[in-house]
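Subject: Structure for your review

Dear colleague,

Please find below the structure that I am handing over to you. My findings follow it, and I would be grateful if you read them with the structure open.

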Amino acid sequence: MDLNAIGSALKSSQAQEMHLLAPDGSPLYAYEHPEKGWQVTTDRDLEGHELFPCLFKMIGIDSKAFRERKAANFNRAQKQRGKVKFSEAEMEAFETVASGVTGWSHIVWNDAPSDPESKGFLIEHDFDNVMKVIMGYPPCFDQADRFISDRANFFDSASTS
C-alpha cells in the first residue's frame with residue numbers, strides 16, 4: 001500500500017460508529033420504561049429491560065462533507081474579518097461537528113425533562129436534531145469532536161500491510 005491509497009481511504013465517507021458516553025466515561029444505553037418512555041442508563045445489568053447502545057454514525061475530518069462544512073465556515077469568517085462574536089464561532093463549531101454525524105441509533109431525548117409527565121423518546125436523525133442533541137448535552141459535542149478528529153477511527157491499520 002502507498003501513501004496515496006492510505007489518503008484515499010481516509011477521505012472515504014464511510015461512517016464509523018461512536019458509542020456515546022456519560023460524563024464519567026461510562027457507555028450509555030437506551031431502554032424503554034413502561035411509565036417514563038425511553039431512558040438512558042450506564043447500568044449494563046439493569047434488570048427487566050433490553051438495553052440498546054446509544055450510537056452516532058460519524059464521518060472523519062478528511063471526508064468531503066466535513067471538509068465542505070469547514071470551508072464554508074472559513075469563507076464566512078474571512079468575509080467578516082475579525083468581527084465574529086464568540087457565540088457565532090461556537091455555533092460554527094457545533095455545525096461543523098454536526099455535519100460529521102451522518103446517522104444514529106437509540107438516541108433518547110425529552111423536550112421537557114423537568115416535567116414529570118413528559119416521556120423520553122427516540123429522536124429522529126436530521127441536522128436540526130443533531131444540533132439539538134450536541135448543544136443540549138455538552139459531553140456529546142466534545143466526544144464527537146474528538147472522534148471526528150482521530151483518523152485512527154476511520155482507517156483500518158491492518159489494510160496498510
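Two residues are said to touch, or to be in contact, when heavy atoms of theirs lie within 4.5 Å. By that criterion, N129 touches W104, I123 and E124, leaving aside residues up to four places away in sequence. Please note that the model is a predicted one.

Overall architecture

The protein chain has five helices and eight strands. Followed along the sequence, these elements come in the order α-β-β-β-β-β-α-α-β-β-β-α-α. The C-alpha trace spans about 50 × 50 × 25 Å along its principal axes. The chain has 161 residues, of which 35% count as buried. Its accessible surface amounts to about 9900 Å², and carbon and sulfur atoms account for 50% of that area. If one takes the contacts between residues at least 6 apart in sequence, 64% of them join residues at least 24 apart.

Helix α4 and its surroundings

Helix α4 covers residues 127-136, and its buried residues are N129, V130, M131, V133 and I134. Which elements cover these buried residues of α4? The cover includes the strands β5 (55-58), β6 (101-105) and β7 (108-109), together with the helices α3 (86-99) and α5 (138-149). At the start of α4, a side-chain oxygen of D126 comes to within 3.1 Å of the backbone nitrogen of D128.

N129, with which this account began, is located in helix α4. Its relative accessible area is 13%, and buried means under 20%, so N129 counts as buried.

Residue I107

I107 sits in the loop between β6 and β7. Is I107 buried or exposed? With a relative accessible area of 4%, I107 falls under the 20% limit and is therefore buried. Leaving out residues up to four places away in sequence, I107 touches L20, C54, L55, F56, F121, L122, I123 and V133. One of these, V133, is among the buried residues of α4. R76, by contrast, is 31 residues from I107 in sequence and 31 Å from it in space, C-alpha to C-alpha.

Two loop residues

A22 is found in the loop between β1 (16-19) and β2 (29-33). A22 is buried, at 11% relative accessible area. Its contacts, apart from residues up to four places away in sequence, are with L28, T42 and Y137. A22 and Y137 are 115 residues apart in sequence, yet their C-alpha atoms are 9.8 Å apart in space.

D62 belongs to the loop between β5 and α2 (64-80). The relative accessibility of D62 is 15%, and it counts as buried. Which residue does the side chain of D62 meet in a polar contact? The partner is R151, side chain to side chain, at 2.6 Å.

The two largest pockets

The largest pocket has a volume of about 230 Å³. Its lining consists of L20, L28, V40, C54, H106, I107, V108, W109, V133, G136 and Y137. The residue I107 described above thus takes part in this lining, as does Y137, which A22 touches. At least two lining residues come from β7, and at least two from α4. By class, the lining is made up of nine nonpolar and two polar residues, with no charged ones.

The second largest pocket holds about 150 Å³ of space. K36, W38, Q39, V40, V108, W109, N110, P113, S118, K119 and G120 form its lining. Both β3 (37-41) and β7 supply at least two of these residues, and β3 gives the largest share, with three. Here the lining divides into five nonpolar, four polar and two charged residues. V40, V108 and W109 appear in the lining of the largest pocket and also in that of the second largest.

Yours sincerely

Terms used
Residues are numbered from 1 along each chain as its sequence is written. This is a predicted model: local features need pLDDT of at least 70, side-chain atom pairs count only at pLDDT 80 or more; totals for chains, interfaces and linings use all residues. Side-chain values use heavy atoms; hydrogens and water are left out. Buried means under 20% relative accessible area, exposed over 50%, partly exposed in between (1.4 Å probe, protein chains only). Helices (H or I, at least four residues) and strands (E, at least two) are DSSP runs, numbered from the N terminus. A polar contact is a pair of N or O atoms within 3.5 Å; within protein, one must be able to donate a hydrogen and the other to accept it, and residues adjacent in sequence count only if both atoms are side-chain atoms. On a 1 Å grid over the protein atoms alone, a cavity is a set of points where a 1.4 Å probe fits but cannot get out, and a pocket is an open set with protein on both sides within 12 Å along at least five of seven lines; lining residues have an atom within 4 Å of a point. Grid points are joined across faces, edges and corners, and a volume is the space filled by probe spheres set on the points. Ala, Val, Leu, Ile, Met, Phe, Trp, Tyr, Cys and Pro count as nonpolar, Asp, Glu, Lys and Arg as charged, and the others, Gly among them, as polar. Accessible areas come from the Shrake-Rupley method with a 1.4 Å probe; for residues, only the protein chains shown count as cover.
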